[in-house]
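Colleague: Please walk me through how such a model is read, feature by feature, with the general idea first and then the case at hand.

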Amino acid sequence: ALHGAGHPEGLQPITFSSSLQLGLDMEELEEIEEDAGLGNGGLGRLAACFLDSMATLGLAAYGYGIRYEYGIFNQKIRDGWQVEEADDWLRHGNPWEKARPEYMLPVHFYGRVEHGATGTKWVDTQVVLALPYDTPVPGYMNNTVNTMRLWSARAPNDFNLRDFNVGDYIQAVLDRNLAENISRVLYPNDNFFEGKELRLKQEYFVVAATLQDIIRRFKASKFGSTESVRTVFDSFPDQVAIQLNDTHPAMAIPELMRIFVDIEKLPWNKAWDITKRTFAYTNHTVLPEALERWPVDLVEKLLPRHLQIIYEINQRHLDHIASLFPHDVDRLRRMSLIEEGGTKRINMAHLCIVGSHAVNGVAKIHSEIVKTQVFKDFAELEPEKFQNKTNGITPRRWLLLCNPGLAELIAEKIGEDYVRDLSQLTKLQDFVEDDLFVREVAKVKQENKVKFALYLEKEYKVKINPSSMFDVHVKRIHEYKRQLMNCLHIITMYNRIRKDPAKLFVPRTVIIGGKAAPGYHMAKMIIKLINAVAQVVNNDPVVGNKLKVIFLENYRVSLAEKVIPATDLSEQISTAGTEASGTGNMKFMLNGALTIGTMDGANVEMAEEAGEENLFIFGMRVEDVTELDREGYNAQEYYDRLPELKQAIDQIRSGFFSPEEPDLFKDVVNMLFYHDRFKVFADYEAYVKCQEKVSELYLNSKAWTKMVIRNIAAAGKFSSDRTIKEYARDIWHVEPSDLKIPPPNEPRDAAEDKTPNGTVA
């Protein structure tokens with residue numbers, strides 16, 4: 001039902017029949033293809049879902065980024081430790097991309113600024129060329145194909161040869177690598193700022209190339225009407241919207257100002273008005289260590305003109321604040337783009353807020369925290385600037401593609417239209433009491449579990465019981481995501497089984513997966529601990545197949561597509577107020593898993609949509625965390641009061657899980673007692689009690705599956721189509737187009753050849 005209409009003659013895709021004729025198996029082909037791992041986690045994957053939705057909604061939109069030669073590292077687990085390997089994803093070529101050397105653009109670095117009668121010039125710069133590679137982004141069954149344009153760094157041919165370099169031609173050619181290193185490798189930190197020069201080069205590189213590309217396209221269109229060679233930019237914000245995906249492209253703000261003021265000779269105020277109306281900023285995290293704060297010295301060396309422009313923006317910004325709040329010097333300090341004290345730094349989030357007409361968080365609770373805590377002063381000044389846009393996921397990848405069995409079952413009940421309008425899933429509420437449907441939903445889940453169990457057996461040589469509850473915790477490894485709390489629950493379950501082996505125990509397979517940033521010591525220790533616990537639990541004959549623990553190696557999109565449809569219980573257990581939104585939570589909900597989670601990020605809205613009684617919500621709310629901070633969190637108190645917690649911690653501390661190196665985990669235990677910002681012990685008791693309720697419900701397969709159906713029926717809000725419609729309406733001011741473009745083999749009526757107003761980048 002979901003394969004849709006045929007393709008025009010001569011454009012047949014490899015379908016199951018024709019790929020078999022070629023002697024190929026489609027699933028085998030899919031296994032061979034490398035993931036394009038060009039992001040760290042939620043942020044990059046969100047952008048991919050957004051591109052799919054923008055194309056499906058018929059928006060004239062472009063996604064811009066860097067074509068990294070090496071993406072996020074491949075993770076190997078050796079002796080329980082994470083080991084990183086380079087992700088040479090282009091080794092066998094990439095059939096989806098097309099290099100566009102005809103659109104190559106120069107990007108400048110270093111140099112100095114000259115102020116003259118004709119204006120300001122940035123001179124004596126080093127040039128790197130940006131070579132674009134285009135990847136098509138097809139909309140779903142609407143004959144629309146958008147473009148993702150990724151920039152690759154190339155040295156100009158006269159690199160190191162133009163300046164008084166007489167002798168060493170060979171060295172000059174070898175030094176081309178210095179320029180081309182810009183697009184060599186993705187920085188592997190998630191939710192952590194590392195202020196390295198190469199990273200700042202990458203950020204400016206993508207921004208400078210992209211803005212030139214956008215302006216070239218604007219000038220070539222009928223809107224950039226040229227009068228005596230001078231372009232009129234008044235209509236620019238009406239034709240172009242630029243969404244800043246976190247602060248990483250923040251240098252776009254001073255760069256656009258530089259183009260307008262220095263090159264196009266616009267007066268400052270006009271340039272600033274156009275710039276503000278063009279940009280909008282999405283904030284993705286409230287963790288202080290993740291906020292980008294670039295040292296002024298570094299920016300001055302690399303981008304001297306941009307530093308001057310940032311100072312000018314800041315001066316005018318602070319003059320405005322001072323006029324509204326005379327003598328409030330502390331407010332000026334808090335709101336400045338420049339942080340004084342120690343090394344002077346530029347607060348990139350402040351730059352984004354001041355230089356944008358809209359600022360949004362990515363879930364209701366997150367947007368509230370942004371307004372009332374993180375950027376409180378700015379929100380008091382311009383409350384109308386701050387919005388919420390709750391994240392979403394594309395149902396094409398995260399249901400149709402990864403879970404065809406469930407997608408088909410849903411289509412049989414409510415038709416196929418839900419794929420483009422996920423709100424129609426509410427119709428499934430009518431079938432909660434339909435016993436046949438309940439059995440079919442349970443059957444699809446069981447088939448997915450068997451298939452995943454077979455995959456684990458083949459790939460990892462581990463045998464698991466497909467009738468056990470698949471309890472899954474997959475995401476980047478980070479203290480705030482509290483994989484440690486899950487680990488303590490595993491140890492608690494293990495101790496309970498050993499204490500009373502005859503007692504009824506609901507069998508579980510606990511699957512934890514995710515990458516740790518290579519420089520994040522604690523995250524790497526957490527991986528080692530999980531593997532050490534797995535080693536003990538999985539080899540204890542008393543436990544048998546009641547409890548199995550698996551660390552899923554090299555978690556990535558293609559692996560998520562396998563594990564998510566097979567999951568019974570989704571773990572979303574961050575400390576309230578730390579996970580901006582989360583999107584994995586939505587993927588699990590759509591694929592028939594139940595959620596155990598805190599009132600954090602989009603979990604709050606999931607509970608709102610499905611009813612809190614249909615999720616396993618536990619633990620402190622944001623207010624409780626704030627209160628606990630006020631009175632002071634004392635981990636020792638929980639350890640003393642909770643015998644099962646004490647037992648688990650004592651086992652970790654004594655070397656029960658690392659007999660050959662008893663104090664291996666002393667850093668972890670020390671952190672939990674003395675500097676746990678994320679308060680694992682404070683939620684431990686509520687978490688374990690909630691897990692008991694989960695096990696109890698799992699015993700009643702029918703009641704469990706009914707709750708699953710109620711969750712799927714409530715998942716409609718979390719389509720990225722809905723998210724993008726809100727961005728389009730409230731921020732970009734463009735209309736999604738339901739215009740069915742005819743397929744290429746049918747003649748087009750010229751009158752119907754309309755494109756929606758405006759472009760989104």
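Colleague: By class, what residues does the lining of the largest cavity have?

Modeller: In this predicted model, the lining of the largest cavity has one nonpolar, six polar and four charged residues, where Ala, Val, Leu, Ile, Met, Phe, Trp, Tyr, Cys and Pro count as nonpolar, Asp, Glu, Lys and Arg as charged, and the others, including Gly, as polar. A cavity here is a set of points on a 1 Å grid over the protein atoms alone where a 1.4 Å probe fits but cannot get out, and a lining residue has an atom within 4 Å of a point. As the model is predicted, local features need pLDDT of at least 70 and side-chain atom pairs pLDDT 80 or more, while totals for chains, interfaces and linings use all residues. Residues are numbered from 1 along each chain as its sequence is written, and side-chain values use heavy atoms, with hydrogens and water left out.

Colleague: Which residues line the largest cavity, and what volume does it have?

Modeller: Rolling a probe the size of a water molecule over the atoms shows where empty space is left. The largest cavity has a volume of about 60 Å³, which is the space filled by probe spheres set on grid points joined across faces, edges and corners. The lining of the largest cavity is formed by Lys475, Lys481, Gln572, Ile573, Ser574, Glu579, Ser581, Gly582, Asn585, Asp600 and Asn603, and the structure holds six cavities of 30 Å³ or more.

Colleague: At roughly what angle do the axes of helix H3 and helix H30 cross?

Modeller: An axis is a line fitted to C-alpha atoms over the stretch in contact, with angles from 0 to 180 degrees between N-to-C directions; helices (H or I, at least four residues) and strands (E, at least two) are DSSP runs numbered from the N terminus. The axes of H3 (residues 42-56) and H30 (residues 720-732) cross at roughly 75° and come within 9 Å, and therefore H3 is roughly perpendicular to H30, a label given to angles of 65 to 115 degrees. On the H3 side the contact (heavy atoms within 4.5 Å) is made by Cys49, Phe50, Ser53 and Met54, and on the H30 side by Ser720, Asp721, Thr723, Ile724, Tyr727 and Trp732. By class, the residues of this contact divide into six nonpolar, three polar and one charged.

Colleague: Is His733, in the loop between H30 and strand S25 (759-760), buried or exposed?

Modeller: His733 is exposed, with a relative accessible area of 60%, given that exposed means over 50%, buried under 20% and partly exposed in between (1.4 Å probe, protein chains only). Most residues other than glycine have a negative phi. The phi of His733, however, is near 55°, a positive value. Tyr110, with phi near 60°, also has a positive value; Tyr110 lies in the loop between strand S5 (105-109) and strand S6 (112-116) and counts as buried at 18% relative accessibility.

Colleague: Which residues does Ser570 touch?

Modeller: Residues up to four places away in sequence are not counted, and on that basis Ser570 touches Val472, Phe588, Ala593, Leu594, Thr595 and Ile596. Ser570 belongs to strand S22 (residues 569-572) and is buried, its relative accessible area being 0%. Ala523, in helix H20 (residues 521-538), likewise counts as buried at 0% relative accessibility, and it touches Ile477 and Ala516, again leaving out residues up to four places away in sequence.

Colleague: What separates the C-alpha atoms of Glu561 and Trp398?

Modeller: Distance along the chain and distance in space are read separately. The C-alpha atoms of Glu561 and Trp398 are separated by 7.2 Å, with their positions 163 residues apart along the chain. Glu561 sits in helix H21 (residues 557-563), is buried with a relative accessible area of 16%, and touches Arg397, Trp398, Leu401 and Cys402, not counting residues up to four places away in sequence. For another pair, Arg316 and Gly619 are 303 residues apart in sequence and 45 Å apart in space, C-alpha to C-alpha. Arg316 is placed in helix H11 (residues 304-324), counts as partly exposed at 37% relative accessibility, and is in contact with Trp268 and Asn269, leaving aside its neighbours within four places in sequence.

Notes: 1 Å grid on protein atoms, 1.4 Å probe; cavity = no way out; pocket = protein on both sides within 12 Å on 5 of 7 lines; lining within 4 Å. Parallel < 35°, antiparallel > 145°, perpendicular 65-115°, else oblique.
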